[in-house]
Amino acid sequence: AGTEEDQKFCLQEVLDTFKLCLSENKEVYLEHYVAGWRGLVKFLNSLGSVFGFISKDAVNKIHILVTLLNGENGSQYATVQSMVKYELENDLVDLTKRGSHPESGCRTLLRLHRALRWLELFLERLRTSSEDGKTSVMCSEAYNESLSQFHPWVVRKAAGMAFCMLPGRPAFFEVMNVGPTEQVVAKLGEALPLISEVYQITEELYTQQNLMNLP
Ligand code: 1PZ
């Protein structure tokens, strides 16, 4: 039997987990945030092994957060808000350079948070693209506008090469596993505001707490 990351992707599932992310008072549940990423990794894996170096990093970060969630102080990690408060109050974050806490929840989540902006930009392009739109172009445009600024040259280069291997829009929509094109577009329209809200809330929290540049 394969691991969870090998199972078949369904966009609906990811949509559902991002729906569950927000509490009534707009806090972000880490458990569901992580589950959302798991779903995305599943999707990436079903696109082929050239994306392995990307999904490997994402899986690694997911595991760091899950370990914290299941650890002895797991209850402090219920939401992104409680995680930030707990780690900052207990000096568990390397703030200016890497030191004794290279795998804090705060810095790990920041990496996924930055990637979430890429996702938002990419999915919005997919949603509004025409039949013959090039996914590789949409993907690299979204990447260049967001995540790339945090990556060294080698990673940007490797990412650019991987993007070229993306399937065309029809095959891409097929892998999303939600039915005909119009339904995929509708689902994307549903998912995007949720992803965007989770992103915005995290962004505001991190900016407020001055955590945007964690090493
Ligand atoms: C559909 C095509 C997927 C394209 C994904 C676009 C993102 C490209 C990112 C390529 C970088 C992967 C290599 C690892 C880089 C890490 O150095 C950085 C920083 O972490 P650090 O080194 O500081 O610990 N990691 C990241 O920036 C997180 C990247 C997560 C990417 C998750 C993508 C999930 C895709 C979902 C597809 C729908």
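Start by selecting Gly-99, which sits in the loop between α4 and α5. Is this glycine buried, partly exposed or exposed? Its relative accessibility is 46%, so Gly-99 counts as partly exposed. Keep in mind throughout the tour that you are looking at a predicted model. Now add Pro-215 to the selection and draw a distance between the two C-alpha atoms: you should read 9.3 Å, although the two residues are 116 positions apart along the chain.

**Stay in the loop: Asp-91**

The loop between α4 (80–89) and α5 (105–128) also holds Asp-91. Check its backbone torsions: phi is positive, about 50°, and the residue is not a glycine. As background, most residues other than glycine have a negative phi. Colour Asp-91 by accessibility and you will find 61%, so this residue counts as exposed.

**A second positive phi: Lys-26**

Next, jump to the loop between α1 (11–20) and α2 (30–46), where you will find Lys-26. Here too phi is positive in a residue that is not a glycine, with a value of about 65°. Lys-26 has a relative accessibility of 42%, and therefore counts as partly exposed.

**Zoom out: the whole chain**

Switch to a cartoon of the protein chain. How many helices and strands are there? You can count 9 helices and 0 strands, so to speak an uninterrupted run of α elements when you read along the sequence: α-α-α-α-α-α-α-α-α. The C-alpha trace spans about 50 × 40 × 40 Å along its principal axes. For a chain of 215 residues, a compact globule would have a radius of gyration near 17 Å, and this chain agrees because its own value is 17 Å.

Colour the chain by burial next: 47% of the 215 residues count as buried. If you have a contact map to hand, look away from the diagonal. Among contacts with a separation of 6 or more, 70% join residues 24 or more positions apart.

**First helix pair: α4 and α9**

Now for the packing. Two packed helices are described by the angle between their axes and the distance between the axes. Select α4 together with helix α9, residues 181–208: their axes are 11 Å apart and the packing angle is about 15°. The two helices are therefore roughly parallel to each other, and their crossing is right-handed.

To see the contact, show side chains for Val-80, Gln-81, Met-83 and Val-84 on the α4 side, and for Ile-201, Thr-202, Leu-205 and Tyr-206 on the α9 side. Sorted by class, this contact has 6 nonpolar and 2 polar residues, with no charged ones.

**Second helix pair: α5 and α6**

Hide that pair and bring up α5 with α6. These axes come within 8 Å and cross at roughly 145°, and the crossing is right-handed. From α5, select Trp-118, Leu-121, Phe-122, Arg-125 and Leu-126; from α6, select Thr-135, Met-138, Cys-139, Glu-141, Ala-142, Tyr-143 and Glu-145. Colouring these by class gives 8 nonpolar, 1 polar and 3 charged residues.

**Third helix pair: α6 and α7**

Keep α6 (residues 135–145) on screen and swap its partner for α7 (residues 153–163). The axes of α6 and α7 come within 9 Å and cross at roughly 160°. Which way do the two run relative to each other, parallel or antiparallel? They are roughly antiparallel, because an angle over 145 degrees counts as such. This crossing is right-handed.

Side chains to display on α6 are Ser-136, Cys-139, Ser-140 and Tyr-143, which meet Val-155, Arg-156, Ala-159 and Phe-163 on α7. The contact of α6 with α7 divides into 5 nonpolar, 2 polar and 1 charged residue. Cys-139 and Tyr-143 deserve a label, since they appear in the contact with α5 as well as in the contact with α7.

**Last stop: Asn-70**

Finish at Asn-70, which lies in helix α3, residues 52–70. Its relative accessibility of 63% means that Asn-70 counts as exposed. For a closing ruler check, measure from its C-alpha to that of Leu-121: the two residues are 51 apart in sequence and 32 Å apart in space. You have already selected Leu-121 once, as one of the α5 residues in the contact with α6.

Terms used: Residues are numbered from 1 along each chain as its sequence is written. This is a predicted model: local features need pLDDT of at least 70, side-chain atom pairs count only at pLDDT 80 or more; totals for chains, interfaces and linings use all residues. Side-chain values use heavy atoms; hydrogens and water are left out. Axes are lines fitted to C-alpha atoms, for helices over the stretch in contact, and angles run from 0 to 180 degrees between N-to-C directions. Helices (H or I, at least four residues) and strands (E, at least two) are DSSP runs, numbered from the N terminus. Angles under 35 degrees count as roughly parallel, over 145 as roughly antiparallel, 65 to 115 as roughly perpendicular and the rest as oblique. A crossing is left-handed if the near helix is turned anticlockwise from the far one by less than a right angle, and right-handed if clockwise. Contact means heavy atoms within 4.5 Å. Ala, Val, Leu, Ile, Met, Phe, Trp, Tyr, Cys and Pro count as nonpolar, Asp, Glu, Lys and Arg as charged, and the others, Gly among them, as polar. The radius of gyration is taken over C-alpha atoms; the globule rule is 2.2 Å times the number of residues to the power 0.38. Buried means under 20% relative accessible area, exposed over 50%, partly exposed in between (1.4 Å probe, protein chains only).
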